[in-house]
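The following paragraphs lead the reader through one structure, beginning with the interface of its chains. Please consult the sequence and the model while reading.

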Number of protein chains: 2
Amino acid sequence: MRAEIVTIGTELLLGQIVDTNAAYLARILSAVGYDAHFRQTVGDNYQRAVEAVSLALGRSDVVLVSGGLGPTEDDVTREVVAGAAGVPLELSAEALDQVEAYFRRLGREMLASQRRQALVPRGSRVIPNPVGTAPGFAWEGDGRAIVALPGVPAELEAMTRSWVVPYLQERARRAGQSGVILSRVLRVTGPGEAAVEQALQDLLHGRSNPTVATYAGTGEVHVRITARAPDEQAARALLAPVEREALRRLRDAVYGFDDQTLESVVVDLLRRASARLAVAESCTGGLVGDRLTNVPGVSECLVEDLVVYSNEAKMRHLGVDARILSEHGAVSEPCALAMARGVAARAAADLGLAITGIAGPGGGTPTKPVGLVYLAVAGRGDTRVERHVFGGDRIQVKRRSAQAALDLLRRFLLEAS
Amino acid sequence: MRAEIVTIGTELLLGQIVDTNAAYLARILSAVGYDAHFRQTVGDNYQRAVEAVSLALGRSDVVLVSGGLGPTEDDVTREVVAGAAGVPLELSAEALDQVEAYFRRLGREMLASQRRQALVPRGSRVIPNPVGTAPGFAWEGDGRAIVALPGVPAELEAMTRSWVVPYLQERARRAGQSGVILSRVLRVTGPGEAAVEQALQDLLHGRSNPTVATYAGTGEVHVRITARAPDEQAARALLAPVEREALRRLRDAVYGFDDQTLESVVVDLLRRASARLAVAESCTGGLVGDRLTNVPGVSECLVEDLVVYSNEAKMRHLGVDARILSEHGAVSEPCALAMARGVAARAAADLGLAITGIAGPGGGTPTKPVGLVYLAVAGRGDTRVERHVFGGDRIQVKRRSAQAALDLLRRFLLEAS
């Protein structure tokens, strides 16, 4: 099956925002076994968008369109798809219900212009939007389909996961191209991409089924193993030995699989250990807490997270000894340990996690450069401390520190279990 | 002048990397006054890349191509441009000199395959690469041009700054179409995109210079005003009255301009008010602290940020009265106020900001649904409380809550100043 992505939005075309949706949708297409040969971007211009979607429709089985589904007049995607498909727009009662229900739930008044969002090209199926206003739609005709999704990444991704992926799989099955492509992702944190590549060298190259590829993320590397087979069982049988071999080599640097996040793995380990956690953050400024609280049900195991920027707050909240601060400084191994012990003791938690470092751009010295970070875990009669020097700007240092802190906690919990 | 960007690379097409070059080149085109109507991406495939470049050449004065200039066999861009232009490839002595000089400078041996990088389509000018191996080239014919640049962002950007920008300006001058395009972005938080559009209706429509457009982000809307004029001064003169009128209508819903973030504006206001802030977060879990600490120098004005998930922690750290919790619950106006007052008092800060809500997916009731959030600011003899019901999943509720909390603080500081 051939698919083509068309992203619509003047802000994309002018480079005011980077097109992350196109990359996301491209990865999804590849994961469900569709071939993508071209990608196009156009502005919020009816005529040129019709030109692009028509060109895509002429050479693809499925066209994925993102952007331009909002309530305003420069949101032209409904008209564009109708124009390219050669059908009129109709008000969908189902879509209108969804838009109205969204506003009812928020207790906000629906503007008349919002009704526009319930228009779909004749012959379309409505795609529910679980996180925003604008529903999407999938138009079908002549054995081809155009799937339209909103441009807000959180909405596009939620709708793709819940609706578009099964839809694409079903279409491929109906077209008799029901071979499956199955992927397994090993999520690795700690070693960089070059090190992962070196460890897996012979698995990465000269292998066509399953294929193995690595992708770098922030503070992590993903190893994707992809098998193509007539059915799921056969695909799994191809995946399994390669996955086992990759795991054997990467060991506990693999923190999780597929869509798991590091924070969800950590919360899971805390639950299994019946351990209650308290966190003290300095340079990460709340980012560790933010990530942990993205996991539903975290309140069972997170007692509190204290963002203690100043020395004074470190002493008052965590009982860090003034001598440690004067002798070693706030960015030091003894301070990280005292913070981890202090936050756990004061919160009556089983475990304490602490992060202290210099995120920059200011504050660095020759002996304590920007990017220097100490991490500590303490609890249940044991401690761990780590020293890192991270590259990148302030936000990169914060992200890498939070990632390394969660990973330190993960390895601590694994060893204790 | 019309220009079109074509990016070449299988890793772009499959979404393995996000196409930041396309956004960079698009901003450059807009800055030098070229119109871009379409953008295309293709893989490392000769036939399809020729198809894309030919399509672009047929509808543009200049085509910018990036990627595929390396030494390996899947670097097809030289052949592709020659194919689309209908001319043969030739070894350029000038390009070969540059490639050889690069290797000499590094003291490395040049592989035979590197000679490929000195091939250019007949009739091309060579574009020096100050930071890498592969020179670029600009082919010209029939009044049109194709400019080819490497895909490595640092190389592409250096060559664009030093060579491509003057080249494009010179071409526009020769065509008698010199000019600049200038944009101003108003960043709005609070009202949704439909409400902003309604307020600006007559500015948004039927206007060609400057143009006005709105774009939705998470919890914010951007209004972009774009003017085209012979020079920068004339462009500014076109922008100013429209910007003033938009500001008059949107008033303090406009929190900032261009690349400013809400958190940077808040930190700036705190500094100007010489106000030290303490934050108590429940449902946002550290996200407000994370955003504030993305701003360099925040330590001057952020005393601490306490993530207090449990009732027990709210009492212990903030002194919230047990009766408030039993009578009104943790997600209530009295609790939000007590949290804001408590965190400020205990930290001896000038201002306290508090967020308490139900991020979901569990924990909602008919009277207190998922998405219900109370925000409070207290300090300097004044308080503000707000109640919101946010839509979306757990992460969306957290994001929208953090955005609204920072905005509440911003408006509090504006009124106090």
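How many residue pairs are in polar contact across the interface of chain B and chain A? In this predicted model, the rule finds 35 such pairs between the two chains, with both residues at pLDDT 80 or more. On the side of chain B that touches chain A, strand β2 (residues 35–42) of chain B gives the most, with seven residues. Sorted by class, that side of chain B consists of 29 nonpolar, 25 polar and 18 charged residues.

The extent of the interface may be described in two ways. Counted by residues, 72 of chain B are in contact with 70 of chain A. Counted by area, about 6,000 Å² is buried between chain B and chain A, and carbon and sulfur atoms give 53% of this. Three residues, F38(B), R39(B) and Y309(B), supply 10% of the area that chain B buries against chain A, which is more than any other three residues supply.

Strand β2 (residues 35–42) of chain A also takes part in a pairing between the chains. This strand and β2(B) pair in the antiparallel sense, over five bridges. Within the pairing, V42(A) stands opposite F38(B) in β2(B). F38(B) is thus named twice in this account, as it is also one of the three residues noted for their share of the area that chain B buries against chain A.

Charged side chains join the two chains as well. Over all chains, the count comes to 57 salt bridges. Among the pairs is one that crosses between chains, running from E304(B) in strand β14 (residues 302–308) of chain B to R316(A) in helix α11 (residues 311–318) of chain A. In this salt bridge the closest N and O atoms of E304(B) and R316(A) are 2.7 Å apart. Across the interface of chain B and chain A, the rule finds six salt bridges.

Aromatic rings offer a further point of interest. A search of the whole structure yields four aromatic pairs over all chains. The rings of W163(A) and Y167(A) have centres 4.9 Å apart and planes at 25°, so this pair is stacked. Both residues belong to helix α6 (residues 153–174) of chain A, where W163(A) and Y167(A) are four residues apart, about one turn of the helix.

Finally, several details of the backbone deserve attention. In chain A, a cis peptide bond joins G360(A) and P361(A), with omega about 0°. P361(A) lies in the loop between β15 (351–357) and β16 (372–379) of chain A. In chain B, the peptide bond from N209(B) to P210(B) is cis, and its omega is near 0°. The loop between α7 (193–204) and β10 (211–217) of chain B holds P210(B). R251(B) has a positive phi of about 45°, although this residue is not a glycine. R251(B) is located in the loop between α8 (232–250) and β12 (254–257) of chain B.

Conventions
Residues numbered from 1 in each chain as written. Chains lettered and ligands numbered in written order. Heavy atoms only, no water. Contact = heavy atoms within 4.5 Å. Buried area = accessible area lost by both parts, 1.4 Å probe. Salt bridge = Lys/Arg side-chain N within 4 Å of Asp/Glu carboxyl O. Polar contact = N/O pair within 3.5 Å; in protein donor to acceptor, adjacent residues only side chain to side chain. Helix = DSSP H or I, 4+ residues; strand = E, 2+ residues; numbered from the N terminus. Nonpolar A, V, L, I, M, F, W, Y, C, P; charged D, E, K, R; others polar. Pairing = 2+ DSSP bridges. Phe/Tyr/Trp six-rings, centres within 6.5 Å; stacked < 30°, edge-to-face > 60°.
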